[in-house]
Structures are given as structure tokens and as C-alpha cells.
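Welcome! Please take a moment with the sequence and the structure below, then work through the exercises at your own pace.

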Amino acid sequence: VAASAPRSRIVPGEFRILLEQVMKAAVRGNAECLMLSLPIRTLCEPGGDPNRRTPLQLEMHNLSQERGAPLLDLVPVFQDAAKKEPTSNLYFDIGHATSAGNALIADVLAREMTPWVREKTGAATVSP
């Protein structure tokens with residue numbers, strides 16, 4: 001279900017083309033592409049539909065599924081956080097995260113990416 005949001009600076013079809021170009025550039029550079037679905041505030045308000053996504057997020061999710069490209073959806077993370085604290089603690093405005101919101105993103109990225117980085121680099125597990 002697409003969420004209503006302020007008018008986007010880019011339409012979904014153009015967004016898809018740009019994502020495809022990024023993916024091709026990653027392949028040319030022998031790199032891997034991880035897509036991040038960043039939440040906007042309206043998707044995280046308590047009581048909302050947990051499956052709502054913006055049209056651009058839906059485009060990203062569809063492309064990820066079609067191409068088997070990794071995607072990290074941060075919307076559920078922020079929805080869960082918004083059950084415990086006001087969204088004003090997570091966002092300055094409709095889409096810009098506060099330091100608490102950015103710390104949440106950093107924690108998730110570290111948790112999700114650490115095993116992948118260790119696998120790719122052969123790094124040993126480090127004890128805290």
C-alpha cells in the first residue's frame with residue numbers, strides 16, 4: 001500500500017532508472033549494492049498500517065525482489081521505535097532523522113552488515 005507523502009522531486013519510473021544505473025555502476029566497479037529503505041515520519045506514526053510504503057520505496061522493494069538485490073528496510077525499525085517514544089524524538093521534520101534516529105540507523109547497519117563484512121574480508125570475530 002503506497003503512503004501519501006509530499007510531492008516527490010522524482011517520479012517512481014525515473015527513480016527506478018537511477019537505481020538500475022547505480023546497480024550497473026556497482027557491478028562495473030566490482031562492488032555490491034545494498035539498498036536502504038529509509039522511513040519518513042508519516043509511516044512511523046503509531047496506529048498506522050505497518051505495510052505502507054511511499055511510491056519510491058515500493059519501486060525500490062520491487063527492484064530488489066526482481067533482481068535479488070539486498071535491501072534493508074528501516075521502516076519497521078522506526079515503527080517499532082515509535083511505539084516506545086514520540087516520533088519527534090526520531091525526526092526533525094517529515095524525513096530528517098534526529099541524532100537518536102541516526103543512532104538507530106547506525107545500530108541496525110552495524111548489526112546487519114558486520115557478518116557480511118566479516119565474511120567478505122575474512123576478518124575474525126572481535127569480542128567486545
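## Exercise 1: a first pair of helices

Helix α1 (residues 12-28) and helix α2 (residues 55-67) pack with their axes 9 Å apart, at an angle of about 40 degrees. Task: classify this packing as parallel or oblique, and find the residues that make the contact.

Before we start, a word on the model: it is predicted, so local features need pLDDT of at least 70 and side-chain atom pairs count only at pLDDT 80 or more, while totals for chains, interfaces and linings use all residues. Residues are numbered from 1 along each chain as its sequence is written, and side-chain values use heavy atoms, with hydrogens and water left out.

Solution.

- Step 1. Helices (H or I, at least four residues) and strands (E, at least two) are DSSP runs, numbered from the N terminus. Axes are lines fitted to C-alpha atoms, for helices over the stretch in contact, and angles run from 0 to 180 degrees between N-to-C directions.
- Step 2. Angles under 35 degrees count as roughly parallel, over 145 as roughly antiparallel, 65 to 115 as roughly perpendicular and the rest as oblique. At about 40 degrees, α1 is therefore oblique to α2.
- Step 3. From α1, the contact (heavy atoms within 4.5 Å) involves P12, F15, R16, L19, E20 and M23, and from α2 it involves P55, L56, E59, M60, L63, E66 and R67.
- Step 4. Sorted by class, the contact of α1 with α2 has 8 nonpolar, no polar and 5 charged residues. Here Ala, Val, Leu, Ile, Met, Phe, Trp, Tyr, Cys and Pro count as nonpolar, Asp, Glu, Lys and Arg as charged, and the others, Gly among them, as polar.

## Exercise 2: one residue of that contact

Task: is R16 buried or exposed, and which residues does R16 touch?

Solution.

- Step 1. Locate R16: it lies in helix α1.
- Step 2. R16 has 17% relative accessibility, so it counts as buried (buried is under 20% relative accessible area, exposed over 50%, partly exposed in between, with a 1.4 Å probe and protein chains only).
- Step 3. Setting aside residues up to four places away in sequence, R16 touches E59, L63 and E66.

## Exercise 3: a second pair of helices

Task: describe how helix α3 (residues 75-82) and helix α4 (residues 99-121) cross.

Solution.

- Step 1. The axes of α3 and α4 come within 11 Å and cross at roughly 130 degrees. The two helices are therefore oblique to each other.
- Step 2. On the α3 side, V77, F78 and A81 make the contact, and on the α4 side G101, L104, I105 and V108 do.
- Step 3. The residues of this contact divide into 6 nonpolar, 1 polar and no charged.

## Exercise 4: a strand residue and its partners

Task: which residues are in contact with L72, leaving aside its neighbours within four places in sequence?

Solution.

- Step 1. L72 sits in strand β2 (residues 71-73) and is buried, with a relative accessible area of 12%.
- Step 2. Its partners are L34, M35, L36, S37, V108, L109 and E112.
- Step 3. For V108, 36 residues apart from L72 along the chain, the C-alpha atoms are separated by 9.1 Å.

## Exercise 5: the cysteines

Task: how many disulfides are there?

Solution.

- Step 1. A disulfide is taken as a pair of cysteine sulfur atoms within 2.5 Å. By this rule the count is 0.
- Step 2. For exposure, C33 is partly exposed at 23% relative accessibility, whereas C44 is buried at 1%.
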